[in-house]
Structures are given as C-alpha cells and as structure tokens.
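Here is a short report on selected helices, strands and cores. Please look over the sequence and the structure before reading on.

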Amino acid sequence: MPSIVRELSSIPLSVLDLSFVREGETPREALFDSLELARRAESLRYKRFWMAEHHNMEGIASAATSVALGFIAGGTQTIRVGAGGVMLPNHSPLVIAEQFGTLASLYPDRIDLGLGRAPGTDPRTARALRRNLSVDAADTFPEDVQELQAYFGQPMPGQQVHAVPGEGLEVPIWLLGSSLYSARLAANLGLPFAFASHFAPEYLFHALDLYRAEFCPSKTLTQPYAMVAANVVVADTDEQAEYLFSSAKIGVLNLLKGKRGKMQPPIENVDRDWTPEEHASVERFLKYSFIGSPTTVQEKLTVFAQHTMADEIICTARIHNSADRMKSLELLAMCSGR
C-alpha cells in the first residue's frame, strides 16, 4: 500500500448507470428511473453521471447513448453527464462529434465523452452495427480517436469536413479500457483514462501502472488522471446489502452462461445451488465489489482508493428496487463524507 494516506472524502465519486430494465418493466420506466437517480446524485454532489452503450440486451435501456444522455442532461442542472462509454468502432467519428457537439452546445461545460474499443454486444449484433463490414473498425481505433479530437478542435486551413455543432467545443474525451491497450493509447495521447474494473479486474493495476509510466502531457492534460470503476451497494446492514447484491450476481452468472434478460429481483442464498466453477467465475468477475453497511463500505472503498491511487472512483450498482438503489447512493455519499 502506498505510504500516502488519502481520505475517501478527498476523492471525487461518480455514478455509472446502465439503465437496467427490471423484470416486468419497460425501457421507458428504466430511463425515467435513471433520471431520478441522476437528480439525486446531483443533489448529493457526485461529480459525474455516465451511461454505457450496449446493444441487443433486453435488460439495458441505454443503447442510444447520446439520446439517453440528452434526456439526463435536460433533467439536471449541474452534474457532468457523459458516455461511459460510446463504443467508437460502431460509429463514424463525424457522427459522434456531431452528437456530442450538439449535447455540449445545449449543456455547456457538462458533457464528457468516454470512448471504448469493444462493440458492447455479441459478434452477430456487432456485425449488424458496423459501418464497414470489410474492415474491423477496432483496428482503426487510434486513428478514429484522433479524427474525433480534430473535429472538436479549431478548423485547420483547407479543412473541408466540419462537425456542426462540435467544432471548437473541445468536448473532453476519455479512453475506457479493460486491458492494457487503451491504457497505453490514453497515455500516448495524453488523455484521461477510466478502467472497467467493475467487470474486468484482472489487468487493473498493470493498466494503471502502464498509463502513469508512459503518460505524455498534452494540451488536454498535463499529468495522468485515472478513474477506476467499482460495484458498490450500501444498505443499513451487511446482510441487507449482500441480499440486494444478489441481483448483480444472478445477472453476471446469466451473462457468463450466454443468457440474456431483464434484471431479476434479489434472493436469499443466491449461490446455494451453484457449482464451484460458477461461484469462482462470478467472484472473479465481481472482484472489485464493495458491499455492506456504511461502515463496511467506507473501510473497504478507502483501502481500494489507497491501493489504486485513483484520481476518481465511478460506482455502479445493479439493484432491483429503485428505492433501494437511491438509498444506496445516499448512504455511499454519507459514508464518503459528501
């Protein structure tokens, strides 16, 4: 553990929301639940509210991410709203520049654009999304990121293609990753980096070390800025929090089995009938999960912040009941000194 002691209250906390659709619920209801969560996060002084792009998933309502973010930004006042992230291989850089340029024009100094290299879906759906089926767009990700940056910059002499809105707005771009690839690219381009440790824990520390070691200052950022993601569920007691977290465990096991569906309600003894292999797989997937009472989560999340030396932590919670999810957000704010 680093010798520098950091209080949790000194680290910005943000919210990552996938707009989960509960069993018996519609995407419309899920999106309105997301708006209420964003409003509460704003009042509790969370720094950002991000939404993620996923496709062909019955249980996630944020597929049209820029549209969903416009709904959230329009219903809030001050919290930063952004993509965590847009899967750039699914889109042309110009289209994303126009979409987020429009958002930044409507909601100045509040819009973030996090970019991912994965498709955010299964191979068949990824093929349906691709703009050019003869080329793997992930292979051109570095060039596409730089093209997008150029659209947000000042026009160059002789430039014939412009993002309107978007040009000159310098919308903040983040790179998101679950391996070392985006860590190195973010370092080389001098961009902020967010690691998806809430579902891909294996390379967290290696990616952070690489990003910080290879970081090149840029006009965007003079020193590295790393955000790490974690699953966080807070309730009055450890037992209640673990019960609520069972919905996430069910979702992960179904995902690992290739099953899709809406978010399931929590159950007692969720892993009672699981095989040892299933139990181990879910535990690996959810390694960076901080579940419990305010005291428990404060202690565990503080240690996580110390180990990662994160500049910011973004928290996500797959909680079935919207009131329980709201309370978790409130208790997390309280135990982190917000």
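The text below takes up a buried strand, the nonpolar cores and a kinked helix.

The model is predicted.

**Strand β4**

Start with β4, residues 111-116. Six of its six residues are buried, so the strand is largely enclosed by the rest of the structure. Ile111, Leu113 and Leu115 point one way. Asp112, Gly114 and Gly116 point the other way. In a regular strand, side chains alternate between the two faces of the sheet.

β4 pairs with β3 (residues 80-87) and with β5 (residues 173-177), as tabulated here with the pairing of β7 and β8.

| Strand pair | Sense | Bridges | One bridge pair |
|---|---|---|---|
| β3 and β4 | parallel | five | Ala83 and Leu113 |
| β4 and β5 | parallel | three | Leu113 and Ile173 |
| β7 and β8 | parallel | four | Val233 and Ile291 |

Helix α3 (residues 93-106) joins the picture: β3, α3 and β4 make a right-handed β-α-β unit.

**The nonpolar cores**

Which residues touch the most other members of the largest nonpolar core? They are Tyr46, Phe100, Leu113, Leu115, Ile313 and Leu332, in a core of 88 residues. β7 gives the most to this core, with seven residues. Another core, of 17 residues, lies apart from it. Its members include Ala235, Val270, Leu286 and Ile319.

Leu113 deserves a second look. Leaving out residues up to four places away in sequence, Leu113 touches Ala83, Val86, Ile96, Phe100, Leu148, Phe152, Val171, Pro172, Ile173 and Trp174. Among these contacts are Ala83 and Ile173. Ala83 is the bridge partner of Leu113 on the β3 side, and Ile173 is the bridge partner in β5.

**Helix α8**

Next comes α8, residues 238-256. How does its span compare with expectation? At 1.5 Å a residue, its 19 residues should span 27 Å, and the end C-alpha atoms are 26 Å apart, which agrees. Still, α8 has a kink of about 30°, centred on Phe245. Phe245 is also one of the buried residues of the helix. Others include Ala241, Leu244, Ile250, Val252 and Leu253. Lys249 is buried too. After α8 comes Gly258, with a positive phi near 80°.

What do the buried residues of α8 pack against? They pack against β7 (226-234), α9 (276-285), β8 (289-292) and α11 (322-335). In β8, Ser289 and Ile291 point one way, while Phe290 and Gly292 point the other way. All four of these β8 residues are buried.

Note on methods
Residues are numbered from 1 along each chain as its sequence is written. This is a predicted model: local features need pLDDT of at least 70, side-chain atom pairs count only at pLDDT 80 or more; totals for chains, interfaces and linings use all residues. Side-chain values use heavy atoms; hydrogens and water are left out. Helices (H or I, at least four residues) and strands (E, at least two) are DSSP runs, numbered from the N terminus. The expected span of a helix is 1.5 Å times one less than its number of residues. The bend at a residue is the angle between axes fitted to the seven residues ending there and the seven starting there. Buried means under 20% relative accessible area, exposed over 50%, partly exposed in between (1.4 Å probe, protein chains only). Contact means heavy atoms within 4.5 Å. Two strands pair if DSSP finds at least two bridges between them. A crossover is right-handed if, with the strands pointing away from the viewer, the path from the first strand over the helix to the second runs clockwise. A nonpolar core is a set of buried Ala, Val, Leu, Ile, Met, Phe, Trp, Tyr and Cys residues joined through side-chain atoms within 4.5 Å.
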